[in-house]
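Visitor: Could you take me through this structure? I should like to begin with the conventions.
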Amino acid sequence: MTHSPSPNPRDGRFAAAPYACSLLPEGVPESATQCGGLKVRHARAWQGKSGIAVAKEIFAYYRRQAEERAKPVKGLGDEAFAALYRSRVTVWVRVSNLVLEIPFDQADGKVTPEMHETVAEILSRLPAH
């Protein structure tokens, strides 16, 4: 039986990033290397900042990169936004000390109810700690 490492309270809720492919709902195509395009970034305490503070900085960096294309998304994680890049909408979500990047092929730039539901399902698959 494999045990997850215990989180350091200074890091945040997650001691390590979960394997991205394990978070995908059934039916979402995944390749061996891309996990459906889902990316998970894990932040740890660094230079006197908590892992959550570092994750907030990472999240803010991506929001700044999106500039005016960033649209807030309510009801997902601790904070979330979506941005259109070419013909793909990417939803960025921060949960404690994790930042998730979840791309969708959606050319009109809107987060549909189905996309919101998919992101919520991905977040529900995060480990309890």
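Guide: Helices (H or I, at least four residues) and strands (E, at least two) are DSSP runs, numbered from the N terminus. This is a predicted model, in which local features need pLDDT of at least 70 and side-chain atom pairs count only at pLDDT 80 or more, while totals for chains, interfaces and linings use all residues. Residues are numbered from 1 along each chain as its sequence is written, and side-chain values use heavy atoms, with hydrogens and water left out.

Visitor: Where is Ser-96, and is Ser-96 buried or exposed?
Guide: Ser-96 sits in the loop between β4 and β5. Ser-96 is buried, at a relative accessible area of 8%; buried means under 20%, exposed over 50%, and partly exposed in between, with a 1.4 Å probe and protein chains only. The phi of Ser-96 is positive, about 55 degrees, although Ser-96 is not a glycine.

Visitor: What sign does phi usually have?
Guide: Most residues other than glycine have a negative phi. Gln-47 also has a positive phi, of about 50 degrees. Gln-47 belongs to the loop between β1 and α1 and is exposed, with a relative accessible area of 63%.

Visitor: Turning to the sheet, in what order do the five strands come?
Guide: The order is β1-β5-β4-β3-β2, in an open sheet with antiparallel pairing; two strands pair if DSSP finds at least two bridges between them. Strands β1 (39-42) and β2 (71-72) are at the edges with a single partner strand each, so one side of each has no neighbour in the sheet.

Visitor: How many bridges join β2 to β3?
Guide: Two bridges join β2 to β3 (residues 79-85), and Lys-71 stands opposite Ala-82 in β3.

Visitor: Which strands does helix α2 lie across?
Guide: Helix α2 (residues 113-124) lies across β4 and β5, at about 145 degrees to β5. Axes are lines fitted to C-alpha atoms, for helices over the stretch in contact (heavy atoms within 4.5 Å), and angles run from 0 to 180 degrees between N-to-C directions.

Visitor: And which residues have the most contacts inside the largest nonpolar core?
Guide: They include Leu-38, Leu-100 and Leu-123, in a core of 25 residues. Such a core is a set of buried Ala, Val, Leu, Ile, Met, Phe, Trp, Tyr and Cys residues joined through side-chain atoms within 4.5 Å. Apart from it lies another core, of 10 residues, among them Ala-66 and Trp-92.

Visitor: What does Leu-100 touch?
Guide: Its contacts include Leu-23, Val-40 and Ile-122, leaving aside residues up to four places away in sequence.
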